[in-house]
Amino acid sequence: MPGLQFSTALITGASSGIGEAIARELAKQNVAMVLVARSGGKLESLAAELSAGGLKVIPIAQDLLAGNADEVLWNELEKRNIKIDLLINNAGFGGYGFFHESPIEKQIEMIDLNIKALVKLTYRFLPPMITKNHGAVMNVSSTASFQPVPFMAAYAATKAFVTNFTVALSSEYQDTPIRFIALCPGRTKTNFQVAAGSQKVRIRSRAATPKQVAHVAVKALRRNNHIAIEGFMNYAMIHLQRFFPRWFILKIAYKIFKPKNIHQ
Ligand SMILES: NC(=O)c1ccc[n+]([C@@H]2O[C@H](COP(=O)([O-])OP(=O)(O)OC[C@H]3O[C@@H](n4cnc5c(N)ncnc54)[C@H](OP(=O)(O)O)[C@@H]3O)[C@@H](O)[C@H]2O)c1
């Protein structure tokens, strides 16, 4: 299979889960990388491992919730003369439970990371891609982006933003070679479930491995899709729901997502 046509990727949230798995897959494709997350130690050991064969992999510890994170990253890369032609906005987290029971500060942080940081990084790194007529932006969304999700209301809404924003950009820039892809994993075995507290979901579907999601990501980078969904069942579910009224989908979503301790 031909290699990917990208020289240097920037991956946010590369210290664990899906971001780390994508970094491992891109290393196999010989794509140099800048790895970003808060856990500097984890990034450094991953970078050391991936660069063992001579590949350039640079870890940068950065909290993307800092208001100027996009500027700090941009300046750091300018200083090192690193040009990004593949931006992977993956950092994100979710929350599970009744909306009023989760601290509002946490929910605002989630909106700021899942949406604001992603939009700001896209805004920073897109112009050079346009100038060079080459590049791609992959935004990690979710199967939760295709319908409202009770008990994950704000999280699913952030991902609806991510999918719609990405697909709209893919249309807006259709006359350029710049690619925009919304990567939509379903349930995946990462720290996400623990961080979101979503192990209490009543009906649990199959969970993919981060590696399976990363394979879908790399496949999507080779093709011309603007939405990449991991797993046949996720794909079928998303496409089938278009044939049913919204109230019906919401009723099913409620049954699936209501916490185990609610009996109705
Ligand atoms: N797992 C699932 O079931 C699932 C399903 C659909 C979509 N997704 C999406 O997939 C993406 C990756 O999640 P994951 O499942 O791989 O979970 P994960 O293992 O918890 O990874 C989240 C990553 O985001 C980074 N991160 C969190 N807060 C950050 C901040 N303030 N600044 C910089 N980096 C930050 C974390 O690193 P540090 O803690 O080191 O900062 C970590 O590398 C998310 O956007 C998530 O919404 C996950």
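Before I show you any helix pairs, one definition: an axis here is a line fitted to C-alpha atoms, for helices over the stretch in contact, and angles run from 0 to 180 degrees between N-to-C directions. Please also keep in mind that this is a predicted model.

With that in hand, let's go to helix H4, residues 104-132, and helix H5, residues 153-172. Their axes lie 10 Å apart, and the two helices pack at an angle of about 10 degrees. Angles under 35 degrees count as roughly parallel, and H4 and H5 are therefore roughly parallel to each other. Who touches whom? From H4 we have Gln107, Met110, Ile111, Asn114, Ile115 and Leu118, and they meet Ala154, Tyr155, Thr158, Lys159, Phe161 and Val162 of H5. By class, the residues of this contact split into eight nonpolar, three polar and one charged.

Now a second pair, for contrast. Helix H1, residues 17-28, and helix H7, residues 210-222, have axes that come within 8 Å and cross at roughly 55 degrees. That angle makes H1 oblique to H7. The crossing of H1 past H7 is right-handed. On the H1 side, the contact takes in Gly17, Ile18, Glu20, Ala21, Ile22, Arg24 and Glu25; on the H7 side, Pro210, Lys211, Val213, Ala214, His215, Ala217 and Val218. Here the residues divide into eight nonpolar, two polar and four charged.

On to the sheet. What is the order of the strands in this open sheet of seven? Reading across, it goes S3-S2-S1-S4-S5-S6-S7, with parallel pairing. The edges are strand S3, 57-61, and strand S7, 227-229; each has a single partner strand, so one side of each is left without a neighbour in the sheet. On average, neighbouring strands are turned by 15 degrees against each other, direction ignored.

Let me zoom in on strand S4, residues 86-89. Strand S1, residues 8-12, runs parallel to S4 and is joined to it by three bridges. On the other pairing, four bridges join S4 to strand S5, residues 136-140, again running parallel. Leucine 87 is a nice residue to click on: it is the bridge partner of leucine 10, and in S5 its bridge partner is valine 137. And which way do the S4 residues point? Leu86 and Ile88 go one way, Leu87 and Asn89 the other, and all are buried. That fits the textbook picture: in a regular strand the side chains alternate between the two faces of the sheet.

Over at the S7 edge, strand S6, residues 179-184, runs parallel to S7 and three bridges join them. There, cysteine 184 stands opposite isoleucine 229 of S7.

How do helices sit on this sheet? H1, which we met with H7, packs on it and touches S1, strand S2 (32-37), S4 and S5, and its direction makes about 165 degrees with that of S1. Helix H2, residues 40-50, lies across S2 and S3 and runs at about 180 degrees to S3.

Last stop, a loop. Glycine 67 sits between S3 and helix H3, 69-79. Is glycine 67 buried or exposed? With 11 C-beta neighbours inside 10 Å, glycine 67 counts as exposed, because the cut-off for exposed is 12 or fewer. If you want a distance to check on your own screen, try glycine 67 to proline 103: they are 36 residues apart in sequence and 20 Å apart in space, C-alpha to C-alpha.

Thanks, everyone, and I'm happy to rotate the view for anybody.

Terms used
Residues are numbered from 1 along each chain as its sequence is written. This is a predicted model: local features need pLDDT of at least 70, side-chain atom pairs count only at pLDDT 80 or more; totals for chains, interfaces and linings use all residues. Angles under 35 degrees count as roughly parallel, over 145 as roughly antiparallel, 65 to 115 as roughly perpendicular and the rest as oblique. A crossing is left-handed if the near helix is turned anticlockwise from the far one by less than a right angle, and right-handed if clockwise. Two residues are in contact if their C-beta atoms, placed from the backbone, lie within 7 Å. Ala, Val, Leu, Ile, Met, Phe, Trp, Tyr, Cys and Pro count as nonpolar, Asp, Glu, Lys and Arg as charged, and the others, Gly among them, as polar. A residue is buried if 20 or more other C-beta atoms lie within 10 Å of its own, exposed if 12 or fewer, and partly exposed in between; C-beta atoms are placed from the backbone. Two strands pair if DSSP finds at least two bridges between them.
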